[in-house]
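Here are my notes on this one, jotted down as I went through it. Have the viewer open while you read.

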Amino acid sequence: MGRLINNLISWPLLIISCVLSYNVIAGDRPVFVLKIKDHLFYPSEIEVPARQKIKLLVINEDPTAEEFESYKLNREKIILGNRRAIIFIGPLKSGSYPFFGEFNMSTAQGTLIAK
Ligand SMILES: [Cu+2]
């Protein structure tokens with residue numbers, strides 16, 4: 001019974017906190033889509049606005065996991081096979097920011113260009 005009451009109390013709280021964090025996270029950031037297919041990034045050059053927070057939606061169409069990594073962007077994120085992930089970026093100074101797929105470095109290379 002105590003457990004039931006705990007569940008009854010915690011569920012609404014959980015839902016409320018999810019909704020709140022969703023709103024904070026979602027914001028008004030524009031979304032840019034980056035696909036992974038056959039261990040390549042599409043597009044391999046992706047242009048984004050400078051001085052603005054953006055979201056990168058990485059869609060992994062390969063059945064194998066890949067890790068998006070960029071030293072200059074200071075980002076590292078594993079995207080499981082046939083899954084997607086969102087990476088929060090910026091605001092960036094204008095310039096180019098190389099990234100790569102750490103699990104397939106010989107092919108998975110790309111550049112994010114902030115203008
Ligand atoms: Cu890594």
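1. Start with the loop that holds Pro91: this residue lies between E7 and E8. The peptide bond leading into Pro91 from Gly90 is cis, and omega is near 0 degrees. Keep in mind throughout that this is a predicted model.

2. There is another cis bond to check. Tyr42 to Pro43 is cis as well, with omega near -5 degrees. Pro43 lies in the loop that links E2 to strand E3, residues 45-48. As background for this point and for the phi values further down, most peptide bonds are trans, and most residues other than glycine have a negative phi.

3. Now the overall make-up. The protein has one helix and nine strands. Going along the sequence, the pattern reads α-β-β-β-β-β-β-β-β-β. Of its 115 residues, 18% count as buried. Take the contacts between residues at least 6 apart in sequence: 59% of them join residues at least 24 apart.

4. One open sheet has four strands in the order E2-E1-E4-E7, with mixed pairing. Its edges are strand E2 (40-42) and strand E7 (84-89), each of which pairs on one side only. On average, neighbouring strands here are turned by 25 degrees against each other, direction ignored.

5. What does the pairing inside that sheet look like? E1 and E4 run parallel, with six bridges between them, and Phe32 sits opposite Leu56 of E4. On the E7 side, E4 (residues 54-60) is antiparallel to E7, and six bridges join the two. Two pairs to click on there: Val58 has Ala85 of E7 as its bridge partner, and Ile59 stands opposite Arg84 in E7. As a reminder, strands of a sheet pair through backbone hydrogen bonds, either parallel or antiparallel.

6. The other open sheet to look at has five strands, ordered E3-E9-E8-E5-E6, and its pairing is mixed too. E3 and E6 are the edge strands, each pairing on one side only. The average turn between neighbouring strands is 20 degrees in this sheet, direction ignored. E3 pairs with E9 in the parallel sense over four bridges, and Glu47 is found opposite Ile113 of E9.

7. Which residues have the most contacts inside the largest nonpolar core? They are Val58, Tyr97 and Phe99, in a core of 15 residues. Strand E1 (31-37), E4, strand E8 (95-101) and strand E9 (109-114) each give two or more residues to this core. E8 gives the most, with three. In general terms, nonpolar side chains tend to be buried together in soluble globular proteins.

8. Tyr97 deserves its own point. Setting aside neighbours within four places in sequence, Tyr97 is in contact with Ser70, Lys72, Leu73, Leu92, Thr111, Leu112 and Ala114. Val58, another of the core residues with the most contacts, is the one you met in point 5 as the bridge partner of Ala85.

9. Next, Lys77, which is found in strand E6 (residues 75-79). Is Lys77 buried or exposed? Neither, strictly: Lys77 counts as partly exposed because it has 15 C-beta neighbours inside 10 Å. Beyond its neighbours within four places in sequence, Lys77 is in contact with Glu67, Phe68, Ala85 and Ile87. Glu67 is 10 residues away along the chain, and the C-alpha atoms of Lys77 and Glu67 are separated by 5.4 Å.

10. Back to backbone torsions, with two positive phi values in residues other than glycine. Asp38 has phi near 50 degrees and lies in the loop between E1 and E2. Asp38 is exposed, because it has 10 other C-beta atoms within 10 Å and the cut-off for exposed is 12 or fewer.

11. The companion case is Asn82, where phi is near 55 degrees, again positive in a residue other than glycine. Asn82 is placed in the loop between E6 and E7. With 12 C-beta neighbours inside 10 Å, Asn82 counts as exposed; it sits right on the cut-off, since exposed means 12 or fewer.

Technical notes. Residues are numbered from 1 along each chain as its sequence is written. This is a predicted model: local features need pLDDT of at least 70, side-chain atom pairs count only at pLDDT 80 or more; totals for chains, interfaces and linings use all residues. Two strands pair if DSSP finds at least two bridges between them. Axes are lines fitted to C-alpha atoms, for helices over the stretch in contact, and angles run from 0 to 180 degrees between N-to-C directions. A residue is buried if 20 or more other C-beta atoms lie within 10 Å of its own, exposed if 12 or fewer, and partly exposed in between; C-beta atoms are placed from the backbone. Two residues are in contact if their C-beta atoms, placed from the backbone, lie within 7 Å. A nonpolar core is a set of buried Ala, Val, Leu, Ile, Met, Phe, Trp, Tyr and Cys residues joined through C-beta atoms within 7 Å.
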